[in-house]
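Please find below some notes for a colleague who has not yet looked at this entry. They take the sheet, the helices on it and one loop residue in turn.

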Amino acid sequence: MLRVPVQPPLFAWARQRARLDAATLDARFPQLARWEAGQLQPTLRQLEQYAQATHAPLGFFFLPVPPQETLPIPDFRTLGTGAPRLSADLLDVIYACQARQTWYRDEAMVNGEAPLPFVGSLTIATQPAEAASAIRHQLGFSIQARRECPTWTEALRLFIAQAEQAGVMVMVSGVVMNNNNRPLDPQEFRGFALADAIAPLVFINGTDSKSAQMFTLAHELAHLWLGQTAVSDAPLAETPPHAVERWCNQVAAQLLVPDEDFQAALLPGEALETAMKRLAKHFKVSTLVLLRRMHDVGWLDRATFWAAYRAEEARLQALAIRSTGGGDFYRTTVARVGRRFAQTLVASTLEGRTLYRDAFRMLGIVKPGTFNELGRTLGFPT
């Protein structure tokens with residue numbers, strides 16, 4: 001039986017990159033321990049299956065040492081020393097979104113769409129309140145409209161629709177493509193922005209809570225107004241070391257919870273728990289954002305803020321329900337790739353400018369019937 005020579009460290013590299021442990025893979029690859037120890041080599045078929053299981057390019061297994069992969073966009077995350085290495089999931093999501101953005105830019109230019117003037121219109125020298133006002137004006141974003149939304153989901157949906165109406169592709173997904181077996185980890189990243197004057201794109205990690213996604217979207221929009229591409233984890237409790245991240249956090253906070261409105265909504269002497277519950281409904285933001293804003297405006301001192309933040313973070317983690325699927329498949333797919341992108345892609349495909357094969361790849365689907373039904377969901381007479 002012909003076996004393929006593979007350097008043993010590559011097997012461990014691939015499973016760690018996929019965030020899988022040996023025990024998880026043992027049932028499918030009973031010889032994995034011997035492969036990793038260099039006692040046995042796999043057949044080509046086994047190697048192909050292992051590459052598929054670990055989401056690793058097959059060609060990488062023929063390298064002499066594991067590759068040193070880096071993100072294809074600036075990394076502004078504040079991961080600690082114990083944070084996991086770069087995952088295949090994050091890389092694959094970024095590559096998929098870059099491919100969608102490239103396609104959309106080309107399509108938009110063919111259709112004669114003009115550059116969007118707000119992309120790159122600000123700098124970090126702009127005061128956060130002024131920057132937030134500019135974004136709010138461009139989007140038509142108001143506290144009153146959010147307060148009238150009955151749920152967090154509706155408030156987030158409104159925010160996304162306003163961003164897309166302004167010309168931003170907004171993609172929200174908790175998985176890689178449509179693969180519910182590859183959930184995204186919010187501890188690794190919460191979102192990223194791909195700045196482009198013709199095809200600006202924001203991706204939001206859908207495994208976060210709806211209220212947390214509100215802040216992530218606001219943060220990534222601030223990146224677009226800077227004209228800055230980056231992946232972020234948008235930390236609230238600590239001050240990010242990157243000046244751009246600090247500015248984007250401040251702008252996001254001002255956009256969602258403006259100083260003047262927040263000061264007016266605070267009630268002297270109100271219990272902290274009561275205030276958080278009331279203000280969360282009023283502003284439709286995470287209670288963690290509110291705690292940060294209370295500290296920013298001097299309503300909470302540093303020690304009280306830290307204690308309350310840690311307690312609230314633990315409470316939210318205990319209540320968190322990670323959802324990567326469910327609901328209507330077609331509506332979920334539209335959310336995952338963004339309505340603006342989905343509508344443009346389906347129209348281009350039906351009009352013959354884009355191959356069905358390419359459309360299926362960018363949408364993460366494989367059947368013509370699925371594509372046709374997606375088109376009907378979007379209002380096309382397919």
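**Notes on the sheet and its surroundings**

1. Val172 stands opposite Ile204 in β5. The model is predicted, and this pair is a convenient place to enter its sheet. Five bridges join β1 to β5, and these two strands run parallel.

2. The sheet is open and has four strands, in the order β1-β5-β4-β6, with mixed pairing. Its edge strands are β1 (169–173) and β6 (230–232), each of which pairs on one side only. From one strand to the next, the twist averages 15°.

3. β4 and β5 run antiparallel and are joined by four bridges. The two strands form a hairpin, with six residues between them. Leu194 stands opposite Leu201 in β5, and the bridge partner of Phe192 in β5 is Phe203.

4. β4 (residues 191–194) is also joined to β6, by three bridges, and this pair runs antiparallel. Ala193 has Ala230 of β6 as its bridge partner, while Gly191 stands opposite Ser232 in β6. In general, strands of a sheet pair through backbone hydrogen bonds, either parallel or antiparallel.

5. How many residues of β5 are buried? Five of the five are, so β5 is largely enclosed by the rest of the structure. Both of its faces are covered: on one side Leu201, Phe203 and Asn205 are buried, and on the other Val202 and Ile204 are buried.

6. A similar check can be made on β4. Gly191 and Ala193 point one way from this strand, Phe192 and Leu194 point the other way, and all are buried. Phe192, which has Phe203 of β5 as its bridge partner, is therefore among the buried residues of β4, taking under 20% relative accessible area as the cut-off.

7. Two helices deserve mention with the sheet. Helix α5 (residues 88–110) packs on it and touches β1, β4, β5 (201–205) and β6; the direction of α5 makes about 30° with that of β4. Helix α9 lies across β1, β4, β5 and β6, and runs at about 155° to β5.

8. α9 also meets another helix. The axes of α9 (residues 210–226) and α10 (residues 243–256) come within 8 Å and cross at roughly 120°. That angle makes α9 oblique to α10. The crossing of the two is right-handed.

9. Which residues of α9 make the contact with α10? They are Met214, Phe215, Ala218, His219, Ala222, His223 and Leu226. On the α10 side the contact includes Val244, Glu245, Trp247, Cys248 and Asn249, along with Val251, Ala252, Ala253, Leu255 and Leu256. By class, the contact has 13 nonpolar, three polar and one charged residues.

10. Is Thr126 buried or exposed? Thr126 is buried, because its relative accessible area is 12%, and the cut-off for a buried residue is under 20%. Thr126 is found in the loop between α5 and α6 (128–139). Residues up to four places away in sequence are not counted in its contacts; with those set aside, Thr126 touches Ala131 and Trp247. Trp247 is one of the α10 residues in the contact with α9.

Note on methods. Residues are numbered from 1 along each chain as its sequence is written. This is a predicted model: local features need pLDDT of at least 70, side-chain atom pairs count only at pLDDT 80 or more; totals for chains, interfaces and linings use all residues. Side-chain values use heavy atoms; hydrogens and water are left out. Axes are lines fitted to C-alpha atoms, for helices over the stretch in contact, and angles run from 0 to 180 degrees between N-to-C directions. Angles under 35 degrees count as roughly parallel, over 145 as roughly antiparallel, 65 to 115 as roughly perpendicular and the rest as oblique. A crossing is left-handed if the near helix is turned anticlockwise from the far one by less than a right angle, and right-handed if clockwise. Contact means heavy atoms within 4.5 Å. Ala, Val, Leu, Ile, Met, Phe, Trp, Tyr, Cys and Pro count as nonpolar, Asp, Glu, Lys and Arg as charged, and the others, Gly among them, as polar. Two strands pair if DSSP finds at least two bridges between them. Buried means under 20% relative accessible area, exposed over 50%, partly exposed in between (1.4 Å probe, protein chains only).
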